Amino acid sequence: MRDRSKELFSVATDVIPGGVNSPVRAFGSVRMEPVYIRSGRGSRLYDVDGNEYIDYVCSWGPLILGHADPRILQVLHEASQSGTSFGANTEIEVRFARLITEIYPSIDMIRMVNSGTEATMSAVRLARGYTGRSRIIKFEGCYHGHGDSFLIKAGSGVLTLGIPGSPGITESTAQDTLVGSYNDIDSVKALIEAHRGEIAAVILEPVMGNAGVIPPQEGFLEDLREVTAEEGIVLIFDEVITGFRVALGGAQELYGIEPDLTCLGKIIGGGLPVGAFGGKREIMEHLAPVGPVYQAGTLSGNPLAMALGYKTVSILKEGDIYGQLEDRSRRLEEGIRENLKRQKRSCQLNRVGSMMSLFFSEKPVVDFTSAMNSDRELFIDYFKSMLDEGIYLAPSPFEASFLSASHSEEDIDETIEANGRCLREVFSD
Ligand code: KE4
């Protein structure tokens, strides 16, 4: 039962739009009322009604170490003894910037902000200021936060809620955003041909996570890198999800592509609000105060977020967490595939490292259209069954599931067994 969650939600809807501080949390797309979480520890979440779940949302990606990691809490306790924010320079922000630039060869310089949205908004403004051009290319189904330029055929909650674009975006803003098809380099070349000399940047999730997980097909990122370099277009990798997730050095390490600018977030805050954008010195030095492109933030480089981010990245850098994450993620994938073999219907399971999605689709999911063609009703049944089995998935087929370093072998076994029961239930109807 989730009576206390219900009570809280009925109050929340009176004082917070939709009862939530972020739309995807509303559980509207799975036609149920949201769960209220009291606490998390390791791989587990505990709701206000005392139900326990194995968590595959991980706060939408940030908690790669798991909830309430003692090492992280220790750093938070120590750092908070010195205060919480100064609006001034601190040593930890310098150390963290240096650490990230050592891990990402494409990042000569980096600027901290407070969310992924701020990172992508700022990166696009910088690319426009650097090139003197106005238009950008994004891809259908990619989500880069709620900045005006990005809410055109966006993924994540925009896709989940079926919102066509978004009211409040002016015509002039929308016309500066061109939309390509993911994994289709010809769609990009056609847009460049039609708008030669007008395009400041191409921005994409190098591995899509916001239409569900959709990996780049062989050659797509290489072709993008080549065509943007030829045209003097700034290539922006939005690695808010993939940064420090699919590899320590993100998707750019995994696929060996160097973008001009990179956006980061989620994991680099260790669970506190954070975002960052960085890249080539030549571009970054167009940013105020050294250059004319303005960007600022009261809490940018917040010392607590920097301390937790620095500790998280240091742990990721020093340990073999990615090896363990790959082993456990692979075992989960294999277990689900075994379960699927016993069903009359097929699904698609896309995985890159410790991010994955199960699509109720008979056909491979390789782009936005094929993701959209997956069966949402089956997903809703599956989501609800898994939740009742104590498995907490993202309440949308257009999100990724994430493992953390604290997901144990037993968690994986339990999830595979629950998945088997839920697939039988879903496909038996
Ligand atoms: P935030 O502004 O939410 O910190 O980051 C925006 C963002 C930018 N780029 C990518 C690739 C992202 O995935 C996101 C945010 N991700 C969503 C879930 N896929 C956040 C969850 C939510 O909106 O509540």
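1. Is valine 20 buried or exposed? In this predicted model, valine 20 is buried, because its relative accessible area is 14% and buried means under 20%. The residue is found in the loop that runs between helix H1 (3-15) and strand E1 (37-41). Apart from residues up to four places away in sequence, valine 20 touches Arg25 and Ala26. Valine 20 and proline 34 are 14 residues apart in sequence, and their C-alpha atoms are 9.2 Å apart in space.

2. The overall division of the chain should be noted next. The protein chain is divided into domain 1 (3-68 + 320-428) and domain 2 (70-318). To the contact between them, domain 1 gives 35 residues and domain 2 gives 40 residues. The C-alpha centres of domain 1 and domain 2 lie 25 Å apart. A student may wish to find both segments of domain 1, 3-68 and 320-428, in the structure above.

3. Which domains supply the shell around the ligand? At least three residues of that shell come from each of domain 1 and domain 2. There are 17 residues around the ligand, and those that come nearest are Ser22, Thr117, Asn210, Asp238 and Glu399. By character, the shell divides into 5 nonpolar, 8 polar and 4 charged residues.

4. Several polar side chains can be followed from the protein to the ligand. In the side chain of serine 22, an N or O atom is 2.6 Å from an oxygen atom of the ligand. For asparagine 210, a polar side-chain atom lies 2.5 Å from a nitrogen atom of the ligand. Aspartate 238 likewise has a polar side-chain atom 2.7 Å from a nitrogen atom of the ligand. On its own the ligand has 530 Å² of accessible area, of which the protein covers 86%.

5. Glutamine 295 deserves a separate point. The residue is placed in the loop between helix H10 (281-284) and helix H11 (303-318). Why does glutamine 295 count as buried? The reason is its relative accessibility of 7%, since buried means under 20%. The side chains of glutamine 295 and arginine 111 are joined by a polar contact of 2.6 Å. When residues up to four places away in sequence are not counted, glutamine 295 touches Arg111, Val113, Glu118, Ser122, Arg125, Phe277 and Leu287.

6. Serine 385 offers an example within a helix, namely H14 (residues 376-388). Serine 385 counts as buried because its relative accessibility is 6%. With which residues is serine 385 in contact, leaving aside its neighbours within four places in sequence? They are Cys422 and Glu425. With glutamate 425, the contact includes a polar one between the two side chains, at 3.1 Å. Phenylalanine 368 is 17 residues from serine 385 along the chain, and the C-alpha atoms of the two are separated by 26 Å.

7. The final point concerns serine 401, whose place is in strand E14 (residues 401-402). Its relative accessibility is 16%, and serine 401 therefore counts as buried. Not counting residues up to four places away in sequence, serine 401 touches Tyr56, Ser354, Met355, Met356 and Leu393.

Methods. Residues numbered from 1 in each chain as written. Predicted model: local features only at pLDDT ≥ 70, side-chain atom pairs only at ≥ 80, totals over all residues. Heavy atoms only, no water. Helix = DSSP H or I, 4+ residues; strand = E, 2+ residues; numbered from the N terminus. Buried < 20%, exposed > 50% of the residue type's maximum accessible area, 1.4 Å probe, protein only. Polar contact = N/O pair within 3.5 Å; in protein donor to acceptor, adjacent residues only side chain to side chain. Contact = heavy atoms within 4.5 Å. Near = heavy atom within 4 Å. Areas by Shrake-Rupley, 256 points an atom, 1.4 Å probe, with all protein chains shown as cover. Nonpolar A, V, L, I, M, F, W, Y, C, P; charged D, E, K, R; others polar. Domains from an automatic or database assignment.
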